[in-house]
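Work through the following exercises with the sequence and the coordinates at hand. Each task is followed by a solution in steps.

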Amino acid sequence: MRLFRHISSVPTDARGAVVAIGNFDGLHRGHQAVIAAARAQADADGRALALLTFHPHPRRFFRPDDEPFRLTPFRAKVRAIADLGVDTLFVGRFDAKMAAIAADAFVETILYRGIGAAHVVVGHDFAFGNKRAGNPELLQKMGAELGFGVTIVEPAKGADGQVYSSSVIRQYLREGQPQRAAELLGRLWEIEGRVLAGDQRGRTIGFPTANIDPGEYVQQARGVYAVRAGVSAGGETTWYDAVANLGVRPTVDGSRLLLETHLFDFDGDLYGRYLRVALVDYVRPERKFDSFEALKQQIAADCQAAREKLAVYAQK
């Protein structure tokens with residue numbers, strides 16, 4: 001997949017694609033429906049499939065003091081988009097200049113002159129331009145005038161009639177329901193990051209952990225999870241069953257929020273390497289223990305509970 005971190009004066013061979021537009025935070029099943037519609041159009045027209053998205057997320061620009069909310073930070077989103085078979089990814093910088101651009105100027109200067117879209121695909125609720133004044137109907141009108149087609153994709157829904165939504169996925173994660181979030185995503189939800197050097201307390205009680213900072217990810221329910229842990233090396237990711245704790249380690253009077261992951265059947269040094277942690281199921285809430293011995297006994301029980309949940313997941 002080709003990645004362009006600008007949306008003006010792109011090379012001639014990157015122009016003329018069918019372009020799906022959106023923030024695509026989470027790349028959930030609703031986003032996948034938009035991309036699938038763009039893929040079908042691209043195949044029918046014999047053109048490349050491209051995505052246009054924005055970084056940072058507009059919500060971060062307009063509401064910088066909000067608590068973390070991202071489902072897929074930039075690195076994870078790029079990988080997920082590439083996994084969907086997209087040919088070209090255009091990433092527009094969302095800054096004051098982008099926020100101020102009028103809706104009609106967005107269409108003419110970015111879609112038409114900038115990336116040279118041959119056909120544009122958007123969701124039914126797509127809004128663009130200053131004060132979100134642009135809508136799919138305006139996009140269709142201007143597309144007809146400028147010579148490119150527009151497809152509007154209706155909301156995708158699950159079997160229960162629920163519309164796939166990033167906000168609903170965030171709520172499920174905050175409630176400790178990663179399996180419900182996975183249903184809307186079409187895959188397990190992941191946190192990834194570089195493994196930090198810690199105090200190695202886990203190693204002293206027989207449960208070494210790889211710790212990562214949840215950073216800008218949406219804050220899911222604190223506590224213990226059954227997870228799959230992906231260790232990357234040489235461009236490949238090897239997955240292990242694991243148990244993870246998201247919290248501040250109240251037993252040792254901790255204050256920093258960390259995701260601590262204990263990989264089953266793994267022996268190696270992970271410091272400084274990237275780790276992907278995919279949440280399978282919730283085990284229990286975070287709690288404080290009276291002693292390290294009590295903590296050790298609970299971790300052993302957590303490991304067993306996680307193994308059982310992972311065994312059920314593996315059978316699905």
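**Exercise 1: the pocket lining**

The largest share of the lining of the largest pocket, 4 residues, is supplied by α1. The model is a predicted one, in which local features need pLDDT of at least 70 and side-chain atom pairs count only at pLDDT 80 or more, while totals for chains, interfaces and linings use all residues. Residues are numbered from 1 along each chain as its sequence is written, and side-chain values use heavy atoms, with hydrogens and water left out.

Task: state which helices each supply at least two residues of the lining of the largest pocket, and give its make-up by class.

Solution. The helices are α1 (29-45), α2 (58-62), α4 (96-100) and α7 (166-174), where helices (H or I, at least four residues) and strands (E, at least two) are DSSP runs numbered from the N terminus. By class, the lining has 20 nonpolar, 12 polar and 8 charged residues.

**Exercise 2: salt bridges**

Task: find where the partners of the salt bridge between Arg79 and Glu190 lie, and decide for each whether the residue is buried, partly exposed or exposed.

Solution. The search of the whole structure gives 19 salt bridges, each being a side-chain nitrogen of Lys or Arg within 4 Å of a carboxyl oxygen of Asp or Glu. For Arg79 and Glu190 the N to O distance is 3.6 Å. Because Arg79 lies in helix α3 (residues 74-83) and Glu190 in strand β7 (residues 189-194), the pair ties together parts that are 111 residues apart in sequence. Buried means under 20% relative accessible area, exposed over 50%, and partly exposed in between (1.4 Å probe, protein chains only). Arg79, at 23% relative accessibility, therefore counts as partly exposed, whereas Glu190, at 19%, counts as buried. Both residues also belong to a network of salt bridges that links Arg75, Arg79, Glu190, Glu192 and Arg276.

**Exercise 3: helix α10**

Task: name the buried residues of α10, and say to which residue Asp302 is joined by a salt bridge.

Solution. Helix α10 (residues 292-314) has 23 residues, and its buried residues are Leu295, Gln298, Ile299, Asp302, Cys303, Ala306 and Leu310. Asp302 forms a salt bridge with Arg284, with the closest N and O atoms 2.8 Å apart. Since Asp302 lies in helix α10 and Arg284 in strand β12, the pair ties together parts that are 18 residues apart in sequence. Asp302 counts as buried at 5% relative accessibility, and Arg284 counts as buried at 12%.

Technical notes:
Ala, Val, Leu, Ile, Met, Phe, Trp, Tyr, Cys and Pro count as nonpolar, Asp, Glu, Lys and Arg as charged, and the others, Gly among them, as polar. The expected span of a helix is 1.5 Å times one less than its number of residues.
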